[in-house]
Amino acid sequence: MKLSSLNKKFGLNYKTANDFCFKFLKTAKINFNRYNTLSFNYHYKDDSIFIHPFYNKIVGGTDMSEHTAEKSKIAKRLYYFQKRYGLGQREMLQFSYQYKTIPQTRQLIEKAFGEFIRMNRLKGTKSTNYQGTAFLNKIQELILQLYRETKMGEILPNGYPVIL
């Protein structure tokens with residue numbers, strides 16, 4: 001983009017592309033790296049500034065907060081389930097609420113999903129044969145089985161999480 005366009009867009013008045021990059025973009029990039037999973041690289045040539053966005057790898061020991069990293073991981077996993085198993089908006093409503101808000105339920109869902117994959121491999125079937133509600137029903141069955149094997153399942157046999 002041209003320097004004049006960026007100055008106008010952000011309400012700034014830098015004279016050179018060098019000034020814009022090192023006084024404005026450099027500080028913005030530092031904050032993006034610290035608080036976001038999206039960042040960018042930049043370079044300039046004459047009056048043009050080139051910005052290249054990219055996703056940050058989530059690496060331990062960085063300034064990125066754990067909370068943001070965990071939320072990103074959860075969102076990606078839910079997107080995976082939605083696309084891979086053809087889950088519609090209505091089906092995702094309860095499932096995503098349970099997955100996002102309750103860590104114990106998330107662990108149970110992941111454990112049930114691992115068992116689901118293992119069972120399908122043993123049978124020689126594709127896991128994607130189960131689409132939409134059929135997938136959620138199968139996961140719900142496995143959640144019920146796994147829940148009943150836990151200490152909480154012995155105390156409250158009907159207290160299992162419902163994802164449908």
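Which residues in α1 meet A17, F20 and F24 in α2? In this predicted model, they are L3, L6, N7 and F10.

**Helix pairs**

Helix α1 covers residues 3–10 and helix α2 covers residues 17–35. Their axes come within 10 Å of each other and cross at roughly 40 degrees, which means that α1 is oblique to α2. The crossing of α1 past α2 is left-handed. Sorted by residue class, the contact of α1 with α2 holds six nonpolar residues, one polar residue and no charged residue.

A second pair is formed by α5 and α6. Here the axes come within 9 Å and the crossing angle is roughly 110 degrees, so α5 is roughly perpendicular to α6. In this case α5 passes α6 in a right-handed crossing. On the α5 side the contact is made by L108, I109, K111, A112, F113, E115, F116 and M119. On the α6 side the contributors are F135, K138, I139, L142, I143, L146 and Y147. The contact of α5 with α6 divides into twelve nonpolar residues, no polar residues and three charged residues.

**Nonpolar cores**

The largest nonpolar core has 22 residues. Within this core, the residues that touch the most other members are F81, F95, F113, F116, F135 and I139. Two or more core residues come from each of α3 (66–84), α4 (89–101), α5 (103–123) and α6 (133–148). The largest share belongs to α6, which gives seven residues.

What does F95 touch, not counting residues up to four places away in sequence? The list is L78, F81, L87, I109, L136 and I163. Apart from this core lies another one, made of eight residues, including A17, L25, F40 and I49. Of these, A17 also takes part in the contact between α1 and α2.

**Individual residues**

Three residues are set out below by relative accessible area.

| Residue | Location | Relative accessible area | Class |
|---|---|---|---|
| Y97 | helix α4 | 49% | partly exposed |
| K138 | helix α6 | 17% | buried |
| D46 | loop between β1 and β2 | 71% | exposed |

Is K138 buried or exposed? K138 counts as buried because its relative accessible area is 17%, where the cut-off for buried is under 20%. Leaving aside neighbours within four places in sequence, K138 is in contact with F116, M119 and Y130. Two of the residues named there, F116 and M119, belong to the α5 side of the contact with α6, and K138 itself is listed on the α6 side.

Y97 sits in helix α4. With a relative accessible area of 49%, Y97 is partly exposed, since the exposed class begins over 50%. The C-alpha atom of Y97 is separated by 8.5 Å from that of I163, although these residues are 66 residues apart along the chain. I163 is also one of the residues touched by F95.

D46 lies in the loop between β1 (38–45) and β2 (48–55). What is phi of D46? The angle is near 55 degrees, a positive value in a residue other than glycine. Most residues other than glycine have a negative phi. At 71% relative accessibility, D46 is exposed.

Key
Residues are numbered from 1 along each chain as its sequence is written. This is a predicted model: local features need pLDDT of at least 70, side-chain atom pairs count only at pLDDT 80 or more; totals for chains, interfaces and linings use all residues. Side-chain values use heavy atoms; hydrogens and water are left out. A nonpolar core is a set of buried Ala, Val, Leu, Ile, Met, Phe, Trp, Tyr and Cys residues joined through side-chain atoms within 4.5 Å. Buried means under 20% relative accessible area, exposed over 50%, partly exposed in between (1.4 Å probe, protein chains only). Helices (H or I, at least four residues) and strands (E, at least two) are DSSP runs, numbered from the N terminus. Contact means heavy atoms within 4.5 Å. Axes are lines fitted to C-alpha atoms, for helices over the stretch in contact, and angles run from 0 to 180 degrees between N-to-C directions. Angles under 35 degrees count as roughly parallel, over 145 as roughly antiparallel, 65 to 115 as roughly perpendicular and the rest as oblique. A crossing is left-handed if the near helix is turned anticlockwise from the far one by less than a right angle, and right-handed if clockwise. Ala, Val, Leu, Ile, Met, Phe, Trp, Tyr, Cys and Pro count as nonpolar, Asp, Glu, Lys and Arg as charged, and the others, Gly among them, as polar.
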